[in-house]
Amino acid sequence: MGRAVVILLLAVLIGLVCVEALPYGKESSVMSLTDNDFVEKVFATQKVTIVEFYAPWCGHCKSLAPHYEKAAENLKGIIQVAAIDCDQHKGAAGQFGIKGFPTIKVFGAELEPDTKKKGAFIKTPTDYNGPRTAKGIVDYALSLLHARYIQKVTSSNVESILDFNNTKLSPPGAPRVLLFTNKKESSNLYKSLSMEYKGRAVFGEVRDKEKALLETYSITTFPQVLILTGNQPEPIRFDKSINYDNLHAFIEGHALPNQLKAKPAGSSAGGKQKSDKKATPPPPPPPPEKIELVELLKQEDFEKNCLEKKGICVISFLPSNTSDPEGLASYLKVLQGLVDGGKFGFRWLWVDGELYSAFKDGFVPNADLPRLVAYSPAKKRLTLFTSSFTTSNIESFLERVMTGRAQSVAVEKTPFLPAEPLPKPTPLPIEEDLDE
């Protein structure tokens, strides 16, 4: 009798251990899904996602659990590995025609318009019929990654790839993520990130043989990751250990907004809604700030139009209207043409470099006029324009600034613009020689 009780207790304990493996716990690398968050976590991302549809009582599901957990650990950050309890969440099981357990379906990175819901996107899954082992799942998942969205950056194509208005690569303004590497093949992590951020950032790789580019960006060790944006004078350097969480946070801070997140409130697997209340549409985005050519006349102008803003200010120091009216008019015409062209999202400022010579000297001491600088108030760094004052020269200069290929210098103390120009010293009168 005692032996039978022991056997019975052991059987119960073994059963409890098996049951505890499902559902996957909070500490698991497997992401648990529900009917309510399935759309957001699977459809509102361009990451490849593997989903196991299971039932807690299913013996084959319990046998798969340790292999599936190990696969999730090996794929962490590269492929989303998820699972959904179909006893608790029947909507997803019905939507995808689940007939038995466990069923593993793979949702690729590519999205397609939902024909049943205007403005929404879906993914068409495929069944995974490979080995129910960690290695089999990992090998199959990694085979879905590709490098089609990674640009091979060389000295001959860098101008085109770093052109923020190049709509062949991405929407205007998308940042450029550059990986400097001595590896011949793209890593699975970099492939995955390039797929996840398609349309939000442009990914490029610079091989160690591109000596000129390594020198331009001061690369001496590998791997190195930089981000270039259209409103920063210098590349933004990634300075943490390379893993998915760190890189994702770094890129997310500069990437274009994720439009896939803007889905109707309450949408879920199976087409059900969390609430019967009509979703309130999000407020319209604010209109883009109008870019104008602003004359600086006092410190308040400088603060309002440059120091209190993000990004780069383009400041031109021009001759006075009294000393060179034709020159001033021609320089202002060049600047206004650049502003109207809308190619650069900078703020355009100009100041009388003769009347406000002390302000000018704070940026470019003892420089002749006209002078132009690209100034980052956040970083207190400026890049000096040294060519002749023409549209093409200034455009070329600002393109180098945008792509981080222009040398900048530190500004130790931000110059102050007085409310009134400092009076020029009155020259001493020339005494006449009465003896002549």
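## The sheet

Val51 has Ala82 of strand S3 as its bridge partner. This is a predicted model. The pair belongs to a parallel match between strand S2 (residues 49-54) and S3 (residues 80-85), which runs over six bridges. Helix H3 (residues 59-74) packs on the sheet. H3 touches S2, S3 and strand S4 (103-107). The direction of H3 makes about 160° with that of S2.

The sheet is open and has five strands. Their order is S1-S3-S2-S4-S7, with mixed pairing. Which strands stand at the edges? They are S1 (31-33) and S7 (126-127). Each has a single partner strand, so one side of each is left without a neighbour in the sheet.

## Helices H7 and H9

Two packed helices are described by the angle between their axes and the distance between the axes. For helix H7 (residues 188-196) and helix H9 (residues 244-252), the axes come within 11 Å. They cross at roughly 35°. The crossing of H7 past H9 is right-handed.

H7 contributes Leu189, Leu193 and Glu196 to the contact. From H9 come Tyr244, Leu247, His248 and Ile251. By class, the contact residues of H7 with H9 are five nonpolar, one polar and one charged.

## Ser330

Ser330 lies in helix H11 (residues 325-341). Is Ser330 buried or partly exposed? Its relative accessibility is 36%, so Ser330 counts as partly exposed; the buried class ends at 20% and the exposed class starts over 50%.

Ser330 and Phe389 are 59 residues apart along the chain. Their C-alpha atoms are separated by 9.5 Å.

Key: Residues are numbered from 1 along each chain as its sequence is written. This is a predicted model: local features need pLDDT of at least 70, side-chain atom pairs count only at pLDDT 80 or more; totals for chains, interfaces and linings use all residues. Side-chain values use heavy atoms; hydrogens and water are left out. Axes are lines fitted to C-alpha atoms, for helices over the stretch in contact, and angles run from 0 to 180 degrees between N-to-C directions. Helices (H or I, at least four residues) and strands (E, at least two) are DSSP runs, numbered from the N terminus. A crossing is left-handed if the near helix is turned anticlockwise from the far one by less than a right angle, and right-handed if clockwise. Contact means heavy atoms within 4.5 Å. Ala, Val, Leu, Ile, Met, Phe, Trp, Tyr, Cys and Pro count as nonpolar, Asp, Glu, Lys and Arg as charged, and the others, Gly among them, as polar. Buried means under 20% relative accessible area, exposed over 50%, partly exposed in between (1.4 Å probe, protein chains only). Two strands pair if DSSP finds at least two bridges between them.
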